Amino acid sequence: MKVNIVGAGFAGLAAAEALSSVGIAVEVFEARSRIGGRVWSQSLPTGVVIERGAEFILDDYDTTRELARRLGTPLAPTGMAYGDREPRGGPAVERAELLKVSDLVTELAHAHAADPGMALGDLLDATPMSPGARAALEARLSISAAHEAVELAGHLAAHTSSTFSESQSARIGGGNSRLAEALAQRLPSPVRTRHSVGRVEWAGRSATVKGQGFEAPADATIISVPATVLEDIVFEPALPPSKLLANRSVDYGHAAKLSVPLEREAEPSAVMSVPDRFWCWTARGEGGAVQPVVSSFAGSATALQALGVRDGTGSWLGRLAELRPDLALSSEEAVGTLWDNDPWSRAAYPASSWRVTRATTSGW
Ligand SMILES: Cc1cc2nc3c(=O)[nH]c(=O)nc-3n(C[C@H](O)[C@H](O)[C@H](O)COP(=O)(O)OP(=O)(O)OC[C@H]3O[C@@H](n4cnc5c(N)ncnc54)[C@H](O)[C@@H]3O)c2cc1C
């Protein structure tokens, strides 16, 4: 038996490794010149490793943690907590209130977990809190969902307990891409990078993938590309309407990252701009030393527009400098990554699992 796998992100590589470990032949096709997909570590000229895509491994990431242990790619503690960001720039709020209100909102979210029609905005309105706490919570959830949080379902808050955790976050030492490389090394043959699949011909017990200058028959094909680009692939026969509908109902959030080397070292930190919907952090790397770089993540289409990310990093750099006057930014060496511009994902990650589903009488 042979299985083709389209996409060498973590999903495709994990599938390939699992199949290969039970003796099934696999061939992995990847459009980019590198593996890892939305996990993309890059070494700066200074040797500092930045993450241009996925960065944090949280406490409840059991699968990733177990995989890292099994493949011998140890986690490096960051010395900061993804879930504990100091809010700045909004109405004043005490940390104690923020923590208390976060607990209240999480409790309410659990109580309404079965009500997909309850919007997070309604839930926040139903929780007594100061304007500062409200602004900080809304910014916090919008950034992480990469979507305006008030429009999402209330249960988003229940699924983000790590969002308000003080627990120290981790990354793979030396870069998260090491995990992708370790998975790929366990495959019997190299991933076929620069192989963009344009067509899948499937019938009965066969599924052949085709692209420019290549064709690979197999007994089955696993497609692990983001929902945003699935329909760039021609399926023959066409995918059933139910699958197309399911794919089209996946709504993606929008996010960008900015890494700026530092002239002087800094302590681990996590600070959020409430009005500008981005946060930034300094963190320990492999070996425990704080890396001389500040990384930043902006989430939601509104935030990206306000920061002018389509026109370059200038405006965001200015806001970052205002937010963190304590850091000595080497702005000319900044590295920006706008995932909307990435041809193989065209967005960040799905926000649709948090969509509000309201029943209507018209049937629409
Ligand atoms: C900015 C950002 C920050 C994030 N932060 C975190 C985080 O801190 N923690 C966390 O756990 N997750 C985070 N995520 C989410 C995480 O990156 C994704 O959930 C995960 O990487 C998705 O893996 P995947 O294999 O499903 O998809 P992808 O990584 O997108 O892999 C799909 C692969 O398919 C390839 N492909 C597409 N079309 C074709 C084609 N036609 N032919 C061949 N190959 C094709 C693509 O090039 C890609 O390599 C973040 C994501 C982003 C964008």
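Me: Serine 300 first: is it buried or exposed?
Reply: Buried. This is a predicted model, and in it serine 300 has 26 C-beta neighbours inside 10 Å. The cut-off for buried is 20 or more, so serine 300 counts as buried.

Me: Where is serine 300 found?
Reply: In the loop between β16 and α8, the latter covering 301–306. Its backbone is worth a look too: serine 300 is not a glycine, yet its phi is positive, at about 105 degrees.

Me: OK, and what about phi of arginine 277?
Reply: Also positive, near 55 degrees, and again in a residue other than glycine. Arginine 277 sits in the loop between β14 and β15.

Me: Is arginine 277 buried or exposed?
Reply: Arginine 277 is buried, with 24 other C-beta atoms within 10 Å.

Me: Those loops touch on sheet strands. What's the strand order in the sheet with 6 strands?
Reply: β6-β14-β15-β16-β13-β17, an open sheet with mixed pairing. β6 (86–88) and β17 (335–338) each have a single partner strand, so one side of each has no neighbour in the sheet. From one strand to the next, the twist averages 20 degrees.

Me: How do β6 and β14 pair?
Reply: In the parallel sense, over 3 bridges, with β14 being residues 269–273. Within that pair, proline 87 stands opposite methionine 272.

Me: Which strands does helix α5 touch?
Reply: α5 (residues 131–145) packs on this sheet and touches β6, β14, β15 and β16. The direction of α5 makes about 95 degrees with that of β16.

Me: And α9, which strands does that one touch?
Reply: Helix α9, residues 314–323, packs on the sheet as well, touching β6, β13, β14, β15 and β16. Its direction is at about 65 degrees to that of β13.

Me: Switching to the sheet of 4 strands. What order there?
Reply: β10-β9-β8-β12, open and mixed in its pairing. The edges are β10 (214–216) and β12 (234–236); each has a single partner strand, so one side of each is left without a neighbour in the sheet. Neighbouring strands are turned by 15 degrees against each other on average, direction ignored.

Me: How many bridges join β9 to β10?
Reply: 3, and the two strands run antiparallel. Take valine 209: its bridge partner in β10 is alanine 216.

Me: Which strand holds glutamate 236?
Reply: Strand β12. Glutamate 236 counts as exposed because it has 11 C-beta neighbours inside 10 Å, and the cut-off for exposed is 12 or fewer.

Me: What does glutamate 236 touch?
Reply: Leaving out residues up to four places away in sequence, Arg199 and Glu201. Tryptophan 202 is 34 residues away from glutamate 236 in sequence, while their C-alpha atoms are 6.2 Å apart in space.

Me: What's the peptide bond from glutamate 236 to proline 237, cis or trans?
Reply: Cis, with omega near 0 degrees. Proline 237 has its place in the loop between β12 and α7 (241–248).

Me: Ligand now. How many residues surround it?
Reply: 33, and the closest are Gly7, Gly9, Ala11, Gly37 and Ala54. α1 (10–21) and β13 (255–261) are the elements giving two or more residues to that shell. The largest share is from α1, with 3 residues.

Me: What classes are in the shell?
Reply: 19 nonpolar, 8 polar and 6 charged residues.

Me: Which domains does the shell draw on?
Reply: At least three residues come from each of domain 1 (2–41 + 177–248) and domain 2 (86–173 + 252–341). The C-alpha centres of domain 1 and domain 2 are 33 Å apart.

How values were computed:
Residues numbered from 1 in each chain as written. Predicted model: local features only at pLDDT ≥ 70, side-chain atom pairs only at ≥ 80, totals over all residues. Near = placed C-beta within 6 Å. Nonpolar A, V, L, I, M, F, W, Y, C, P; charged D, E, K, R; others polar. Domains from an automatic or database assignment. Pairing = 2+ DSSP bridges. Axes fitted to C-alpha atoms, helices over the stretch in contact; angles between N-to-C directions. Contact = placed C-beta atoms within 7 Å.
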